[in-house]
Amino acid sequence: QVQLVESGGGLVQAGGSLRLSCAASGRMLGINDMAWYRQGPGKQRELVARITVEGRTNYADSVKGRFTISRDNGRKTIFLQMNSLKPEDTAVYYCNAAVVETNYYTNPYWGQGTQVTVSS
């Protein structure tokens with residue numbers, strides 16, 4: 001059973017920083033793209049940042065220059081360094097991974113989410 005476990009959320013004042021982590025575990029051949037999504041109050045879930053296994057990244061326009069996604073392939077872990085946080089960054093942040101389970105199947109998995117609250 002594949003699991004993604006996020007950590008690092010919390011309450012921070014505007015302008016502050018947080019670092020999220022997401023570790024994958026379980027039976028798998030590997031992981032392709034990994035990403036962070038978020039869902040704010042009353043909003044749809046949106047992509048925040050994505051990283052390929054080779055380390056190529058892309059970001060939502062709203063977080064460019066403030067957030068940095070990175071990964072440690074050996075530890076099957078991704079990180080999201082969030083700087084200059086704004087109240088509008090308040091959301092539940094979810095980790096997503098394209099897990100290669102067999103030679104024929106790659107399936108998406110989600111973490112349980114971690115709350116980030118930015119106070120003004």
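Here are some questions and answers about this predicted model.

User: Let's start with the big picture. How many helices and how many strands are there in the protein?
Analyst: Reading along the sequence, you meet the pattern β-β-β-β-β-β-β-β-β-β-β. The count for the protein is therefore zero helices and 11 strands.

User: How does the radius of gyration fit with what the globule rule gives for 120 residues?
Analyst: The C-alpha trace spans about 50 × 25 × 25 Å along its principal axes. For 120 residues the globule rule gives 14 Å, and the protein comes out close to that, so it is as compact as a globular protein of that length. The radius of gyration is 14 Å.

User: What share of the residues count as buried?
Analyst: A residue has to be under 20% relative accessible area to be called buried. Of the 120 residues in the protein, the share that counts as buried is 43%.

User: And what share of the accessible surface belongs to carbon and sulfur atoms?
Analyst: The accessible surface of the protein comes to about 6500 Å². The part of that surface belonging to carbon and sulfur atoms is 46%.

User: Which strand gives the largest share of the largest nonpolar core?
Analyst: In soluble globular proteins, nonpolar side chains tend to be buried together. Here the largest nonpolar core has 30 residues, and Trp36, Val48, Phe67, Leu80, Met82 and Tyr93 touch the most other members. Strands β3, β4, β5, β7, β8, β9 and β11 each supply at least two residues of this core. The largest share, five residues, comes from β9.

User: Which cysteine does Cys22 pair with in a disulfide?
Analyst: The count of disulfides comes to one. Its two sulfurs sit 2.0 Å apart, inside the 2.5 Å limit for a disulfide. The partner of Cys22 is Cys95.

User: How many residues apart are Cys22 and Cys95, and which strands hold them?
Analyst: This pair links distant parts of the chain. Cys22 is in strand β3 (residues 18-25), while Cys95 is in strand β9 (residues 91-100). That puts them 73 residues apart.

User: Is the disulfide of Cys22 and Cys95 left-handed or right-handed?
Analyst: Both ends are tucked away: Cys22 has 0% relative accessibility and counts as buried, and Cys95 is buried with a relative accessible area of 0%. The torsion about their S-S bond is about -80 degrees, so the disulfide is left-handed.

User: Thr114 is among the residues that Tyr93 touches. Is Thr114 buried or exposed?
Analyst: Thr114 lies in strand β11, and besides Tyr93 the residues it touches include Glu6, Leu20 and Ala91. Its relative accessibility is 10%, and the cut-off for burial is under 20%. Thr114 therefore counts as buried.

User: Which backbone nitrogen does the side chain of Thr114 reach?
Analyst: Gly8 and Gly9 are both among the residues Thr114 touches. The side chain of Thr114 reaches, at 3.3 Å, the backbone nitrogen of Gly9.

User: Which residue's side chain makes a polar contact with the side chain of Asp89?
Analyst: Asp89 lies in the loop between β8 and β9, yet it is buried, with a relative accessible area of 1%. The residues it touches include Arg38, Phe67 and Val116. The polar contact is 2.7 Å long, and the partner is Arg66.

User: Ser84 is in the loop between β8 and β9 too. What is its phi value near?
Analyst: At 40% relative accessibility, Ser84 counts as partly exposed. Its phi is a positive value in a residue other than glycine, near 50 degrees.

User: Where is Lys76 found?
Analyst: Lys76 also has a positive phi, near 50 degrees, and is not a glycine. It is partly exposed, with a relative accessible area of 30%. Its place is the loop between β7 and β8.

User: Last one: which backbone nitrogen does the side chain of Thr102 reach?
Analyst: Thr102 is in the loop between β9 and β10, and it is partly exposed at a relative accessible area of 32%. Its side chain reaches a backbone nitrogen at 3.1 Å, and that nitrogen belongs to Tyr105.

Key
Residues are numbered from 1 along each chain as its sequence is written. This is a predicted model: local features need pLDDT of at least 70, side-chain atom pairs count only at pLDDT 80 or more; totals for chains, interfaces and linings use all residues. Side-chain values use heavy atoms; hydrogens and water are left out. Helices (H or I, at least four residues) and strands (E, at least two) are DSSP runs, numbered from the N terminus. Buried means under 20% relative accessible area, exposed over 50%, partly exposed in between (1.4 Å probe, protein chains only). A nonpolar core is a set of buried Ala, Val, Leu, Ile, Met, Phe, Trp, Tyr and Cys residues joined through side-chain atoms within 4.5 Å. Contact means heavy atoms within 4.5 Å. A polar contact is a pair of N or O atoms within 3.5 Å; within protein, one must be able to donate a hydrogen and the other to accept it, and residues adjacent in sequence count only if both atoms are side-chain atoms. The radius of gyration is taken over C-alpha atoms; the globule rule is 2.2 Å times the number of residues to the power 0.38. Accessible areas come from the Shrake-Rupley method with a 1.4 Å probe; for residues, only the protein chains shown count as cover. Lists of a residue's contacts leave out its neighbours within four places in sequence.
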